[in-house]
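Trainee: Please take me through one part of this model closely. I would like to see how the charged pairs sit relative to the sheet and the helices around them.

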Amino acid sequence: MFFEFGIKDFIDILLVAMMLYYIYRLMRDSRSLNVFIGILVFVVVWIFVSLVLEMRLLGTILDKLVSVGVIALIVLFQEDIRKVLYNLGAHQRMRRLSQLFTSKKSRERNKDSLKQDIMPVVMACMNMSRNKVGALIVMERTMPLDEVVMTGDRIDASINQRLIENIFFKNSPLHDGAMIISQHRIKAAGCILPVSHDLGIPKELGLRHRSAMGIAQESDALAIVVSEETGAISIAFHGEFLLRLSAEELESNLTEKLS
């Protein structure tokens, strides 16, 4: 029986490997990689003791620890589990599948609405870039940012170019924080974002860029940064930076990633 290996076994191993790799990537981005490695080592020891060595007493103890440990892991990593479920639902192929059930008129209406959201942001970013006004704008996608919104001052206004520029004006009390755009509205400004401690971020990028990367690593949101020193416009998305974007590049990236 040990040497019988069929296509079903190959698919089984491949799916497990893909699942472990996906979990590894999520843990790496959320800085929980050591916990993941520790859990993996424990599972390997448990399987070796229970199935290979057939140690009944130690195997029973490990079985009990595993059953209790699953509940403990759910409690400890509830945010990461929620992120996994949101990422699955927000996956590009899933979204394309859902579009099959929406009418053409509804899709065109969504595109027009998205363009109305994007253009004021692009125009404001270009003006702030020319005047070297620092800005940090976070655009929510599928994962709610309610907890981040609560850290700032609520605005709940329509997306307006002049309003964006006034909020990030150097003498404005809200210019140091982040602006959150959600559901076609400017929800809040002056918000506090998690700061990324990723050593791979270039040293010339400042705190705004690290905050943008922090929210991009912990959610599927898209963060736009206008550098106060150079006026360069950047995007942080899914743990990666797109640096020194032109107006056309900014518009096309926002359209692609928010649609």
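Mentor: Start with Arg208. In this predicted model, Arg208 is buried, with a relative accessible area of 18%. The cut-off for buried is under 20%, so Arg208 falls within it at 18%. Its partner is Glu228: the two form a salt bridge, with the closest N and O atoms 3.3 Å apart. Arg208 belongs to helix α9, while Glu228 sits in the loop between β5 and β6 (233-237), so the pair ties together parts that are 20 residues apart in sequence. Glu228 itself is partly exposed, at a relative accessible area of 33%. So this bridge joins a buried arginine to a partly exposed glutamate.

Now look at the helix that carries Arg208. Helix α9 lies across β1, β5, β6 and β7. Against β5, α9 runs at about 175°. A second helix, α10 (residues 247-258), also lies across β1, β5, β6 and β7. Its direction is given against β6, at about 15°.

Next, the sheet under discussion. It is open and has seven strands, in the order β2-β4-β3-β1-β5-β6-β7, with mixed pairing. The edges are β2 and β7 (240-242), each of which pairs on one side only. From one strand to the next, the twist averages 20°. Strands of a sheet pair through backbone hydrogen bonds, either parallel or antiparallel. Here β5 and β6 run antiparallel, and five bridges join them. Across that pairing, Ala223 stands opposite Ala236 in β6.

Back to charge. Side chains of opposite charge can pair when their charged atoms come close. The structure holds three salt bridges, and Glu228 with Arg208 is one of them.

Another is Arg141 with Asp220, where the closest N and O atoms are 3.4 Å apart. Arg141 lies in the loop between β1 (135-139) and α7 (146-149), and Asp220 lies in the loop between α9 (207-218) and β5 (222-226), so this pair ties together parts 79 residues apart in sequence. Both partners are buried. Arg141 has a relative accessible area of 17%, and Asp220 has 1%.

Asp156 and Arg185 also meet in a salt bridge, at 3.4 Å from N to O. This pair links distant parts of the chain: Asp156 is in strand β2 (residues 153-158), Arg185 is in strand β4 (residues 185-191), and they are 29 residues apart. In the sheet order, β2 and β4 stand next to each other. Asp156 counts as partly exposed, at 44% relative accessibility. Arg185 counts as partly exposed too, at 31%.

Last, a contrast without charge. A nonpolar surface patch of about 1100 Å² is made by residues including Phe42, Ile47, Leu51, Met55, Ile61 and Leu65. The elements that give two or more residues to this patch are α2 (33-52) and α3 (56-76). Helix α2 gives the most, with six residues. Ile61 has its place in helix α3. At 44% relative accessibility, Ile61 counts as partly exposed.

To recap the charged pairs: Arg208 in α9 reaches Glu228 in the loop between β5 and β6. Arg141 pairs with Asp220. Asp156 in β2 pairs with Arg185 in β4.

Terms used: Residues numbered from 1 in each chain as written. Predicted model: local features only at pLDDT ≥ 70, side-chain atom pairs only at ≥ 80, totals over all residues. Heavy atoms only, no water. Salt bridge = Lys/Arg side-chain N within 4 Å of Asp/Glu carboxyl O. Helix = DSSP H or I, 4+ residues; strand = E, 2+ residues; numbered from the N terminus. Buried < 20%, exposed > 50% of the residue type's maximum accessible area, 1.4 Å probe, protein only. Pairing = 2+ DSSP bridges. Axes fitted to C-alpha atoms, helices over the stretch in contact; angles between N-to-C directions. Contact = heavy atoms within 4.5 Å. Patch = residues over 30% accessible without salt bridge, like charges linked within 9 Å, V, L, I, M, F, W, Y side chains within 5 Å. Areas by Shrake-Rupley, 256 points an atom, 1.4 Å probe, with all protein chains shown as cover.
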